[in-house]
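I opened the notebook to record what I looked up in one structure. The entries are short and go topic by topic.

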Amino acid sequence: MTRFLFYFVLLPALLPVILIVGYVYKQDKVEREPALMVLKALFYGALFSLADIPVERLLQQIIAAYYPAMDINYQLAENFLGVAAVEELTKWLVLYLFIWKSHDFDYKFDGIVYGVSASLGFAGLENIIYVIHYGTGVAVSRALFAIPGHAAFGIIMGFFLARAKHFRLRGHSFISFLCMVLCIAIPVCIHGTYDFLLSPAANSSNFSPYFFILVIVIDVISYRIIRHESRTGRPL
């Protein structure tokens with residue numbers, strides 16, 4: 001039973017998470033973050049994701065009271081407000097509560113390390129739940145799309161979180177606030193678009209081919225952010 005759980009649930013669900021977090025962690029060329037802090041972000045990202053389940057269900061019930069389930073307005077509201085906003089706010093909350101004031105968060109690249117960790121802690125637990133419910137086969141598609149997608153949302157969130165702290169330390173409170181808004185708003189918009197393009201309404205409206213374009217664009221942008229921030233290695 002233990003071997004079955006490891007090989008058919010934990011390994012396929014968590015391997016892409018470990019590989020991506022490990023890759024980003026190794027790109028921290030100047031001063032790598034304490035492993036305990038990275039594990040802390042992963043753990044709380046997973047833990048806080050449990051609170052999303054009742055919140056998302058409640059919001060979906062509220063949205064369903066206003067729009068039919070197959071209506072495009074329902075799909076937009078559900079994916080942007082009922083899912084993306086809830087999940088990205090949860091990840092941001094982990095970063096704000098446990099990372100923002102840490103003395104270890106002292107380089108711009110650190111925001112990316114912690115952003116990816118919190119995001120993939122969330123995605124890792126979500127992946128385990130999917131594999132348990134739908135079998136090992138679903139792990140392949142999620143390893144190609146969902147896990148890199150969550151990583152990209154975390155990279156962008158971490159990028160702007162580092163800018164927010166950079167400007168806060170220099171006394172530019174308004175610019176710091178704007179960066180903090182972007183830290184949440186951009187991942188929510190991308191995540192909501194990502195989910196909407198997979199929805200029945202998007203499929204019926206022939207929007208779904210744009211999903212693959214979005215995936216390529218956000219993956220390329222995320223990779224370039226990692227490379228740029230790793231290469232420059234600037235302190236906050």
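The entries below cover a charged residue, a surface patch and some aromatic rings.

**Entry 1: Glu87**

I noted beforehand that this is a predicted model. I looked up Glu87 and found it in helix 3, which spans residues 72-98. Is Glu87 buried or exposed? Glu87 is buried, and it has no salt bridge. I then checked the nearest side chain of opposite charge, which is Lys91, 5.1 Å away. A salt bridge needs the side-chain nitrogen and the carboxyl oxygen within 4 Å, so Lys91 at 5.1 Å does not make one with Glu87.

Which residues does Glu87 touch, leaving out those up to four places away in sequence? I wrote down Asp52, Glu56, Phe122, Glu126, His150 and His191.

**Entry 2: the nonpolar patch**

I looked next at the surface and found a nonpolar patch of about 580 Å². Its members are Ile72, Leu76, Phe207, Tyr210, Ile213, Val217 and Ile221. Which helices each supply at least two residues of the patch? They are helix 3 and helix 8, the latter covering 209-232. Helix 8 gives the largest share, 4 residues.

I picked Val217, which is found in helix 8. Its relative accessible area is 38%. Buried means under 20% and exposed means over 50%, so Val217 at 38% counts as partly exposed.

**Entry 3: aromatic pairs**

How many aromatic pairs does the structure hold? I have 14 in my notes. One of them joins Tyr44 and Phe98: the ring centres are 3.9 Å apart and the planes are at 10°, so the pair is stacked. This pair links distant parts of the chain, with Tyr44 in helix 2 (residues 35-64) and Phe98 in helix 3, 54 residues apart. Tyr44 is partly exposed at 22% relative accessibility, and Phe98 is partly exposed at 22%.

I then looked up Tyr130 and Tyr134. Their ring centres are 5.7 Å apart and their planes are at 40°, so I entered the pair as tilted. Planes under 30 degrees apart would count as stacked, and those over 60 as edge-to-face. Both residues are in helix 4 (residues 108-134), and because they are 4 residues apart, about one helical turn separates them. Tyr130 is partly exposed at 32% relative accessibility, whereas Tyr134 is exposed, with a relative accessible area of 62%.

My last note is on an aromatic cluster. Phe145, Phe153, Tyr194, Phe211 and Phe212 form it together.

Key. Residues are numbered from 1 along each chain as its sequence is written. This is a predicted model: local features need pLDDT of at least 70, side-chain atom pairs count only at pLDDT 80 or more; totals for chains, interfaces and linings use all residues. Side-chain values use heavy atoms; hydrogens and water are left out. Buried means under 20% relative accessible area, exposed over 50%, partly exposed in between (1.4 Å probe, protein chains only). Lys and Arg count as positive and Asp and Glu as negative; His and the chain ends are not counted. Contact means heavy atoms within 4.5 Å. Patches are made of residues with over 30% relative accessible area and no salt bridge: like charges are joined within 9 Å, nonpolar side chains (Val, Leu, Ile, Met, Phe, Trp, Tyr) within 5 Å. Accessible areas come from the Shrake-Rupley method with a 1.4 Å probe; for residues, only the protein chains shown count as cover. Rings of Phe, Tyr and Trp (its six-membered ring) pair if their centres lie within 6.5 Å; planes under 30 degrees apart count as stacked, over 60 as edge-to-face and the rest as tilted.
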